[in-house]
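User: I am new to this structure and would like to discuss it through a few questions. Please show it first.

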Amino acid sequence: MSSVQIRDVRKSFGSFEVLHGVSIPIEDGEFVVLVGPSGCGKSTLLRMLAGLENITSGTISIGDRVVNNVQPKERDIAMVFQNYALYPHMTVADNMGFSLKLRGAKQDEISTGVKRAAEILALTPLLDRYPRQLSGGQRQRVAMGRAIVRDPQVFLFDEPLSNLDAKLRVAMRTEIKELHQRLKTTTVYVTHDQIEAMTMADKIVVMHDGIVEQMGTPLELYDTPANQFVAGFIGSPAMNFLKGKVKSNGSAGFEGPNGVKLPLKSAPANSEGQPAVYGVRPEHFTIADDGAEAEIVVVEPTGSETQVFAKLGGEQVVAVFRERHQFNPGDKIRLKPDPSLVHLFDEATGKRLNG
Amino acid sequence: MADIVLTPTKAKPQLREATAWDQVKHNRNWLGFWFMVPAMGFLIFFLAYPLGLGIWLSLTDTKIGRVGQFIGIENYEWLWDDAIFWLSVTNTLLYTFVASAIKFGIGLYLALLLNENLPFKAMLRAAVLIPFIVPTVLSALAFWWIFDSQFSIISWSLKHLGIIDYNINFLGDTTWARICVIFANIWRGVPFVAITLLAGLQTVSPSLYEAATLDGATRWQMFRHITYPLLTPIIAVVMTFSVLFTFTDFQLIWAMTRGGPVNSTHLMATLSYQRAIIAGQLGEGAAISSAMIPFLLAAIMVSWFGLQRRKWQQGENND
């Protein structure tokens with residue numbers, strides 16, 4: 001186990017820079033999730049950490065050692081690929097033992113290592129099978145087994161669950177988290193799925209267009225997103241954004257689209273009339289008599305909660321209610337955001353304005 | 001498909017006749033048979049019939065201009081005691097074995113090379129195909145000149161370099177002649193092997209190499225443990241074809257040496273042509289051709305049972 005330091009790392013493909021100076025400190029034993037939309041550079045960063053891509057500038061160190069010029073096999077890392085990259089012509093046992101075999105380990109040493117990993121992942125009955133004979137979830141576990149066998153300093157996961165169906169994905173998510181709690185190996189996990197990030201991470205790194213937008217625990221990111229991008233990316237359904245002006249003379253408030261009045265706990269200093277974006281999470285709406293009038297467009301009950309799409313000041317918003325209301329499309333309701341939980345962002349820069 | 005017999009409207013007096021015809025009309029196997037007829041026709045007229053005729057001719061004493069009599073295996077008995085026939089068998093085996101082995105080696109090397117990120121990759125790949133698209137007879141004629149006893153460019157170059165004093169008699173010396181025809185065959189056959197293996201290499205997922213890199217494999221280990229095993233099914237197919245084409249080669253030899261000197265480059269195919277068409281002994285020539293069948297079958301069997309079936313390729317859970 002080791003800490004990992006990523007310091008001001010840049011990556012260019014030709015003249016095109018995809019990472020513009022990324023710094024991420026990762027503590028020993030931490031589970032860090034790099035999350036962001038496709039093309040944000042998260043996979044490239046992971047591959048640089050693995051040694052599969054060169055580092056254009058900046059340094060990456062594992063433990064105390066700068067690994068910029070260290071061969072992948074010398075870095076003592078193990079990676080789980082999106083398509084698992086299992087060797088199709090080798091049995092599960094051979095797949096898992098391949099790295100030990102290349103290292104020149106003895107036969108009994110290899111089989112002990114493979115058996116231990118197989119027990120951790122409940123793969124023992126499958127050891128003689130070929131990858132083709134396994135289901136998606138089993139292949140995924142073999143790929144993890146291959147990583148565990150090596151007992152590396154750092155685990156790298158590159159979107160490991162995106163090839164699985166929804167149900168299996170949830171199960172494997174728990175399994176990976178449990179595995180991490182058990183092995184306590186430093187883990188860097190790349191995904192585009194913010195739910196995976198929220199549920200698994202000790203620390204989430206939100207990336208966008210080659211920069212780090214925000215770093216923090218899942219709930220920090222959820223409660224106080226640093227900017228509009230993070231606010232919109234974390235949370236499902238996504239946060240509602242309403243453009244308008246801050247009212248700070250007299251009692252604080254917000255004038256939304258078409259003059260809709262929205263509550264604000266406190267306005268930033270000297271912000272009267274400042275154009276801003278008002279953010280409210282779907283679950284922070286309540287039905288209240290002093291709320292803003294909205295017209296229901298679509299109602300989507302999921303059982304545990306109900307998602308309501310409605311027009312608020314001409315803009316579509318989504319609200320989520322745990323209680324069961326009798327709603328029909330076309331109904332008029334009064335939606336009131338919880339003033340202590342709303343977010344205010346600068347309209348031009350997207351930066352967070354309230355505390 | 002609905003069964004006509006069971007529909008009540010058809011249950012009329014003339015039931016039997018209608019039933020038979022309707023059944024045929026609605027029978028999927030019958031329809032399938034008709035779909036197969038064109039392909040079957042081609043195979044029968046262009047493959048099965050000539051093969052059957054060849055085998056039949058080999059059992060007769062047919063000559064050009066004279067209908068033959070059935071003489072059983074007399075032609076084969078003659079061949080058994082024919083030293084030239086056995087020489088041609090030896091030549092064919094030598095030619096096939098040496099040429100195929102070298103074609104495989106060079107082809108695999110080129111395929112691996114072309115699979116790398118080289119500058120002008122597309123152009124190099126196209127260039128590799130050139131020997132394959134030149135008509136065989138043309139390239140054979142070119143080689144004929146290259147290996148000519150007086151005007152050979154090789155002899156000329158070596159003489160000017162001061163390495164030899166006199167022309168090498170490439171196609172006049174038995175050993176040289178064999179080397180030359182094998183060389184020409186390799187030159188012609190390498191593109192097929194190289195391009196097919198290259199196609200095979202491209203089916204290997206790059207992430208396997210990345211995984212192997214992280215597992216600590218050297219380039220040689222990657223080839224040995226990943227590339228080669230994953231390529232074996234394609235190697236089996238391409239080498240089967242290569243062996244079959246080489247074994248039955250005719251054009252190249254006929255254009256370059258006509259089997260000479262002193263029959264040293266006669267292959268079974270060229271000897272068969274010489275005996276059957278030039279000398280008019282159709283029966284004997286056919287017997288030589290037919291004698292190739294066991295060798296070819298053996299080659300196919302080796303590839304089929306020894307190389308092509310791999311447990312890891314089977315999708316089902318049947319171990």
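User: Does B:Trp145 count as buried or exposed?

Analyst: A residue is buried if 20 or more other C-beta atoms, placed from the backbone, lie within 10 Å of its own, exposed if 12 or fewer, and partly exposed in between. Because B:Trp145 has 10 C-beta neighbours inside 10 Å, this residue counts as exposed.

User: What kind of model is this, and how are residues numbered?

Analyst: This is a predicted model, in which local features need pLDDT of at least 70, side-chain atom pairs count only at pLDDT 80 or more, and totals for chains, interfaces and linings use all residues. Chains are lettered from A and ligands numbered from 1 in the order in which they are written, and residues are numbered along each chain as its sequence is written, from 1.

User: Which helix holds B:Trp145?

Analyst: Helices are DSSP runs of H or I with at least four residues, numbered from the N terminus. B:Trp145 belongs to residues 136-146 of chain B, which form helix 7.

User: How far apart are the C-alpha atoms of B:Trp145 and B:Met256?

Analyst: Along the chain, these two residues are 111 residues apart. The separation between their C-alpha atoms is 9.1 Å.

User: Which helix gives the most to the largest nonpolar core?

Analyst: A nonpolar core is a set of buried Ala, Val, Leu, Ile, Met, Phe, Trp, Tyr and Cys residues joined through C-beta atoms within 7 Å. The largest one has 150 residues, and A:Val33, A:Leu34, A:Leu156 and A:Val188 touch the most other members. With 11 residues, the element that gives the most to this core is chain B's helix 9 (residues 174-202).

Definitions and conventions
Helix = DSSP H or I, 4+ residues; strand = E, 2+ residues; numbered from the N terminus.
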